[in-house]
Amino acid sequence: MAVVTVERKPLSFLERTYLPNIAAGLATTFKRMVQPVETLEYPEQRPAIPAGYRGVPTLVYDPNGREKCVSCQLCEFVCPPKAIRITPGEIAHDDANAHVEKRPEEFKIDMLRCIYCGLCQEVCPEEAIWLQNQYSMTGYTREEMVNDKKRLYELGGTLPDSHFKWDKKAAAEKAAHAGGHH
Amino acid sequence: MIAAPKPDLVTVNIDGVDIAVPKGTNVIEAAKQLQKDVPHYCYHPKLTVAGNCRMCMVEMGMPAVDPATKAPVMDAATGKQKINWIPRPQIGCGTTVAPGMHIKTSSPMVKDAREGVMEFLLVNHPLDCPICDQAGECKLQEQATGYGRGYSRFIEEKNVKPKRTQLGPRVTLDDERCILCSRCVRFSKEIAQDDVLGFVDRGSYSTLTCHPGKKLENNYSLNTVDICPVGALTSTDFRFKMRVWFLKQTNTIDIESSAGVNAVIWSREGVIYRLTPRRNDEVNDTWMADSGRLLYKQVAAPDRLAAVIVNGAASSLDIALNAAAELLKSGSVAIVGSGRASVEEQFLLKNLADQLGVNASLVARTGQGDKLLISSDRNPNVRGALVTGLVSALPAAQLAQLAADIDSGKVKTVLSHGEDLAAAGLTAAQLAKVAIIYLGTHANATSAAAKVVLPTLHTFEKAGTFVNQQFRIQKFAAAVPGPQGSSNDLVVLAKLLGPAAPASDVHGLWPALAAAVPALATMLYKNIPETGLLLDSTPWAGLPFVEGESLKYKPAAAA
């Protein structure tokens, strides 16, 4: 292969002083000093979460304080990374929500497995599992990264409900026992 | 009931295809032979036809004949005999085939009729699917995808009925979900012969209920749960335990008696959740006793053996096998086999007995047969021991000969394969007098007294074959892994046999088994169909078997 020798151009006087480049750099610096700040002082400052954001999956209560999950295990079935584990259980006969019959005995979501895809929320027939605004999950051990039922309800809180399906069911039962409708 | 296949066949035309079916077949079964599904709820192949759900509507017609001359009326357009279609749909379950009958199973009129039936069935059906145990195996759910309208036109209030009635110790009833198909009523009356279920009230008030003062507590009550097409009858044991779509199905054989009921184990991740019957028209139709379904609880029982023990201390498998081999080598050995072991295990045990030059004995377990699916012989595989030659006579419940031999000092070592010698009549003193090698699954007096304890697998954890009361060889497969520390019986027996062992797994063992056992020649494990194979039972025809007549079995003397 032929070797082509390229002659290096000598620097001009100004270039040898570096002054024009220093001035240009400082100009950028001073311009930025007066412009509005674009970064956040995380974690003291937190970003605003847009609507429809898919954060950590949580379990929610309805406005009457009933846990909405009935442990149908559809989320466990649909979960692509198999992060969800549910132990189903029966609601005791003397419970205020006995007419719902079923609730999770234990509900675990392994946040080391969760990929925040939101399929669990989409598949839930009771609108009980929601990916809310919480995005930062940290822990020192693997066990800490598994959210159990108690933690899931702490994270989820209460969300509004437009159906009150089970309350209607309880009302119909009550009316029937009182001799009203059939 | 479907009549037994007779040589006289009837040719019918279903959706344009001619098919010859036995006389007396109904339209649902005839269509099934052409892989045409006629949806149905109340019809069950093993029960009488009730015809009350109206889901199996089909269009039906007969070839036209001139009323006066009886001459066929021809269709000028096609050149074939004209078909007179009945203007309204007919039920498929209650219609027996007739020569020349024409059926349409998917015409617009049929679809219309089924959609109408579905809408009425769903009028009062609760929206319970997320909490209903039947979801995933529910006929109503399945047909709703094909014939449901996706929304309800019913704006009135739905019916309210009792949600959790205990019909008996094992069955819970949710009346709101019931579609009044009466399968459970007919089963109780016709098969279980315990007519306790029935409907009360009329119209949409109709409610399934138990006869006042009675309970659905016969030993076949859980079959009503199996045949319930919706989630109305649920098993109290399985209720809310696990959704069925997570469960893996493994074929097995009921181990409670020599009836050899075909069953399915439903398990998830090494845990068994339930047992249900598997249809085998030659053995158990579609039924199974409740007592057999609960036997899965043995697998995770707290008294399961999981530690290899030598001289009272935990040890390793190799050390224990060496200790056992030493004991066997020292002579004066007696072998106690089991009618609960598989044919393959009995074959290896027979080889071991031959190697040591001793005879093996078995322990009989008998009880009252129920004339249905629990036979008097409570060992599932005594006939397997006869077939493999492990024993040549029927066993006794007490090991009197062994007891005498221990007392006289003739026997110094006893190898027991899963049998509790104390329960078979040996005293604690006799057990203490000999060195016992115990291969078994659960702790008992024998395992406590044993010098070497080798934990082995439960039937549901291993593969093998049983020979039932009809001399039908039926195979079962492993559903779940055994507990840590346990080993497959075949592996342990093969190790005790040493280099003479043909193989230590079911598939590897079968060529040797077929070569050595005349009744099993020409067979291989993989070639045994899921419904089993009948063996030639003539060599054992003279033996006084204890079983009485049951659902699909007649004792030789009575036959």
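This passage walks through a helix pair, a small sheet and a chain contact in a predicted model.

Let's start with two helices of chain B. Packed helices like these are usually summed up with two things: the angle between their axes and the distance between those axes. Here the pair is helix H2 (residues 108-123) of chain B and helix H3 (residues 139-147) of chain B, whose axes come within 10 Å and cross at roughly 130 degrees. An angle over 145 would count as roughly antiparallel and one from 65 to 115 as roughly perpendicular, so H2(B) and H3(B) end up oblique to each other. The crossing of H2(B) past H3(B) is left-handed. On the H2(B) side, the touching residues are B:Arg114, B:Glu115, B:Met118, B:Leu121 and B:Leu122, while H3(B) brings in B:Leu140, B:Gln143, B:Ala144 and B:Tyr147. Sorted by class, that makes six nonpolar, one polar and two charged residues in the contact.

Further along chain B there is an open sheet of three strands, in the order S12-S13-S14, with antiparallel pairing. Strand S12 (248-253) and strand S14 (271-277) of chain B sit at the edges, each pairing on one side only. From one strand to the next, the twist averages 30 degrees. S12(B) and strand S13 (residues 262-268) of chain B run antiparallel and are joined by six bridges. To pick out a bridge pair, B:Gln249 has B:Trp266 in S13(B) as its partner.

Finally, chain B also meets chain A: eleven residues of chain B are in contact with 16 residues of chain A. On the chain B side of this contact, six residues are nonpolar, one is polar and four are charged.

How values were computed:
Residues numbered from 1 in each chain as written. Chains lettered and ligands numbered in written order. Predicted model: local features only at pLDDT ≥ 70, side-chain atom pairs only at ≥ 80, totals over all residues. Axes fitted to C-alpha atoms, helices over the stretch in contact; angles between N-to-C directions. Helix = DSSP H or I, 4+ residues; strand = E, 2+ residues; numbered from the N terminus. Parallel < 35°, antiparallel > 145°, perpendicular 65-115°, else oblique. Left-handed = near helix turned anticlockwise from the far one by under 90°. Contact = placed C-beta atoms within 7 Å. Nonpolar A, V, L, I, M, F, W, Y, C, P; charged D, E, K, R; others polar. Pairing = 2+ DSSP bridges.
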